[in-house]
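This report looks at how the strands of a sheet are arranged and how helices pack in the structure shown here.

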Amino acid sequence: MLNQFSRTELLLGKEGMEKLARAKVAVFGIGGVGGYTVEALARSGVGALDLIDDDKICLTNLNRQLHATRSTIGRYKVEVAKERILDINPEAVVHTYQTFYLPETAGQFDFTAYDYVVDAIDTVTGKLQLAEEAYRCGTPIISSMGAGNKLDASGFMVADIYETEVCPLAKVMRRELKKRGIPRLKVVYSKEKPLTPMDDMAISCRTNCICPPGTTRKCTQRRQVPGSNAFVPSVVGLIIAGEVVKDLTGDI
């Protein structure tokens, strides 16, 4: 029967679509990368999605985040993303968590319940905790490395963390994962050397913070506010979604 996933079924077949419909995927971080991942998974027919992010949409998100528009500023990212998913596939099961993932909040999530985990958060502590939990439970996971301060969207690739080069975030992750005895982690990364953002206080969140009221983690708390664009985070997010779909369907 013709439906919203018919074009995908032409490539993956009925069995592949059934696997996606039965799958439950958790996406940690619904920002520039995770927002595109979530949307692509929903449009691919993934049946259940858990969305984890405590942030609200800000004016400065409009340059790169799929769910960020003038009308959604000030709303929680997970709630806006959920609305989009259900508008695409009303039969999808979507749970949202307005939570900042850290070791202190890790107990809220049962990784054995997931068929796949996506790490699209930007804190090393949280990323390491996600990798540890997924490894302990035997749950497949894919992690986004640094996408900020980069301009070459064509340079991103899929690799094991121990095969990565250049990326500063990947270097830290390699060292810390090795200490924890984690032998592998599938990542999306780039060898492009990150640019240094312009030190222009007139357009910096550092001195002109416009985070919506109630925002817990403001940009002013960062050591450096990264530069971003419309095309790098989206490409990373779509690469991640493609890997999740291929792995869930057995790379049909």
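In this predicted model, strand 1 (residues 24-28) and strand 2 pair in the parallel sense over 5 bridges, and Lys 24 has Ala 48 of strand 2 as its bridge partner. Strand 2 (residues 48-52) is mostly covered, with 5 of its 5 residues buried; Ala 48, Asp 50 and Ile 52 point one way from the strand, whereas Leu 49 and Leu 51 point the other way.

A second parallel pair joins strand 5 and strand 7, where Ser 143 stands opposite Val 187 of strand 7. The two pairs are set out below.

| Strand pair | Sense | Bridges |
|---|---|---|
| Strand 1 (residues 24-28) and strand 2 | parallel | 5 bridges |
| Strand 5 (residues 141-144) and strand 7 (residues 186-190) | parallel | 3 bridges |

These strands belong to an open sheet of 7 strands in the order 3-2-1-4-5-7-6, with mixed pairing. Strand 3 (93-97) and strand 6 (156-160) stand at the edges with a single partner strand each, so one side of each is left without a neighbour in the sheet. From one strand to the next the twist averages 20°. Helix 4 (residues 124-137) packs on the sheet and touches strand 1, strand 4 (116-119) and strand 5, its direction making about 170° with that of strand 5.

Turning to helix packing, the axes of helix 2 (residues 32-44) and helix 6 (residues 232-248) come within 7 Å and cross at roughly 40°, and the two helices are therefore oblique to each other. Their crossing is right-handed. The contact involves residues including Tyr 36 and Leu 41 of helix 2 and Ile 240 and Val 244 of helix 6; by class, the contact has 11 nonpolar, 5 polar and no charged residues.

Definitions and conventions
Residues are numbered from 1 along each chain as its sequence is written. This is a predicted model: local features need pLDDT of at least 70, side-chain atom pairs count only at pLDDT 80 or more; totals for chains, interfaces and linings use all residues. Side-chain values use heavy atoms; hydrogens and water are left out. Axes are lines fitted to C-alpha atoms, for helices over the stretch in contact, and angles run from 0 to 180 degrees between N-to-C directions. Helices (H or I, at least four residues) and strands (E, at least two) are DSSP runs, numbered from the N terminus. Angles under 35 degrees count as roughly parallel, over 145 as roughly antiparallel, 65 to 115 as roughly perpendicular and the rest as oblique. A crossing is left-handed if the near helix is turned anticlockwise from the far one by less than a right angle, and right-handed if clockwise. Contact means heavy atoms within 4.5 Å. Ala, Val, Leu, Ile, Met, Phe, Trp, Tyr, Cys and Pro count as nonpolar, Asp, Glu, Lys and Arg as charged, and the others, Gly among them, as polar. Buried means under 20% relative accessible area, exposed over 50%, partly exposed in between (1.4 Å probe, protein chains only). Two strands pair if DSSP finds at least two bridges between them.
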